[in-house]
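Q: I am new to this structure and would like a close look at a single part of it, the surroundings of the ligand. Please take me through that part step by step, and then set it beside the rest of the protein.

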Amino acid sequence: MKKIFFKDLENYFDKEIEISGFVENIRNIKWVQFLVLRDSTDKVQVTIEKSEEANKEMADLVNNLTVESTIKVTGTLKKNDNVRLRGMEFIPTKIEVTSTSDAELPINIHDKEAQLIDQRLDYRWLDLRNEYNFNIFKIQSDLVKYMREYLYNNDFTEIHTPKLIGAASESGSEVFEVKYFDRKAYLAQSPQFYKQMAMASGYDRVFEVAPVFRAENSNTNRHTTEFTGFDLEFAYIDSYRDVMDLEEELLTYALTKLNEKYGEKVKEIYGKEIVVPKVKFPRIKLSDLYLELEKRYDYKIDDSEKNDLTTEAERLSYKYAMEEFGSEFIFVTDFPKDKRAFYHMRKNDVPEGYDLIYRGVEITTGAQREHRYDVLKKQAEEKGLDKDIEFYLEFFKYGCPPHGGFGLGIDRLTMLVLGIPSIKESMMIFRGPNRLTP
Ligand code: 4AD
Ligand code: MG
């Protein structure tokens, strides 16, 4: 039998149907029992009149029913304006328990704040039954759908590249080593080398949405050891500015669509507005940003720290971008070469790349890539990498168009769009230095 989703119940008034879901609430009063059933799309009330002789068996069953059990109910859906929940009620003729929940739940699923986040994460499958948590991943699913949609509309090909690799791809961040028969392998820190290989193969435009592993032993609200990377690469660009332009268009497209579908819901559940970008994302050099932050907010740090964005500088760059440009996004460019990967193209010794900061947090690093074999080899040697990555350098020996791309963290983007306090909650199943379960 085809499952009837509760969101579609309006189509089934006065017909005998079968519905299934979790028992969210049981109210057992003198003459009547009320159940609230929940599925992934909505809720509905089931009403059982105890006084009716024919209902005796059902009433007994409900007396022993526990919340969060799942049931299958046969009966008829009736309009009833007295019912607060959707002005309808389901009048059953038969109830079958399909799974029984323990009477005591280990966490309070209706009040997130009743326990610490790590207690909740231990029981993530229950924690996700909470409306706030549940909807994160419905919304995330559409967010990624719209991002993909933009790329399909613009001639991108989705690729799938290995996560077991022979050499570290992002020299700046830590890599997980795994035993690979009698050798060592690494978990991919990004699909960087393979999306560039696709450029050398002539694909012109590719993207991948896939796990990325980082052995970063940090417990912040924005770091995790495994996340979902949204990575793309495209050829025949003239500059890294083309990469920024594309990312700006892609995010504007996705946020527009997301706002159309979820704008109201996001306000209601998360208290956040999905702001559709109305202006071009401002672009500023790293050194100029520090000058502005000092001038405007008296933000002073040692010169030695100004070669990269500090967490506080990221936060203040949001304030600056809002005040000066009315933009929640800001591109920061002109990082020094020792802070950027060897594969970034350089002009006058400055990497042709950027970070994109959204609501005060880095969501992307992007760049034009060095596609000239000799120059790339020299830049790799400078960072002491040439032996490990010989196979990668080979990609550039037999013709490879100029190209660029970026990597964006889906979990961070989700966290920021919805205003969720920690990445622990914006990924369905969090992985951190101290968490490998559930
Ligand atoms: O800035 P990252 O390390 O850049 C790269 O992976 C390059 N291959 C990108 C490129 O094409 N030049 O990672 C890209 C994004 C970050 O901006 C951030 O959103 C996310 O991935 N990210 C993390 N998210 C959660 N936890 C972590 N530990 C993350 N590290 C990076
Ligand atoms: Mg980065």
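A: What follows describes the shell around ligand 1, and then turns to a pocket and to the domains. The model is a predicted one, and every value given here was computed from it.

The shell around ligand 1 is made of 24 residues, and those that come nearest to the ligand are E170, E216, E362, I363 and R369. Sorted by class, this shell holds five nonpolar, 11 polar and eight charged residues.

Within these surroundings, some polar atoms of the protein can be paired with particular atoms of ligand 1. A polar atom in the side chain of R214 lies 2.8 Å from an oxygen atom of the ligand, and a polar backbone atom of T224 is found 3.0 Å from a ligand nitrogen atom. I363, already named among the nearest residues, also takes part through its backbone, where an N or O atom lies 2.8 Å from an oxygen atom of ligand 1. Taken alone, ligand 1 exposes 620 Å², and the protein buries 93% of that area.

Looking at the secondary structure, one finds that α5 (192-200), β17 (361-368) and β18 (403-409) are the elements that give two or more residues to the shell around ligand 1. Of the elements, β17 gives the most, with five residues in the shell.

The second largest pocket can be described in a similar way. This pocket holds about 760 Å³ of space, and of the 27 residues that line it, D39, S40, T41, F134 and N135 are the closest to its centre. At least two residues of the lining come from each of β1 (16-28), α4 (131-153) and α6 (240-270), and α4 gives the most, with seven residues. The lining is made up of 15 charged, six polar and six nonpolar residues.

It remains to place this in the protein as a whole, which is divided into domain 1 (6-99) and domain 2 (124-426). Taken over C-alpha atoms, the centres of domain 1 and domain 2 are separated by 47 Å. Both domains nevertheless contribute to the second largest pocket, since its lining draws at least three residues from domain 1 and at least three from domain 2.

Terms used:
Residues numbered from 1 in each chain as written. Chains lettered and ligands numbered in written order. Predicted model: local features only at pLDDT ≥ 70, side-chain atom pairs only at ≥ 80, totals over all residues. Heavy atoms only, no water. 1 Å grid on protein atoms, 1.4 Å probe; cavity = no way out; pocket = protein on both sides within 12 Å on 5 of 7 lines; lining within 4 Å. Points joined across faces, edges and corners; volume = space filled by probe spheres on them. Helix = DSSP H or I, 4+ residues; strand = E, 2+ residues; numbered from the N terminus. Nonpolar A, V, L, I, M, F, W, Y, C, P; charged D, E, K, R; others polar. Domains from an automatic or database assignment. Near = heavy atom within 4 Å. Polar contact = N/O pair within 3.5 Å; in protein donor to acceptor, adjacent residues only side chain to side chain. Areas by Shrake-Rupley, 256 points an atom, 1.4 Å probe, with all protein chains shown as cover.
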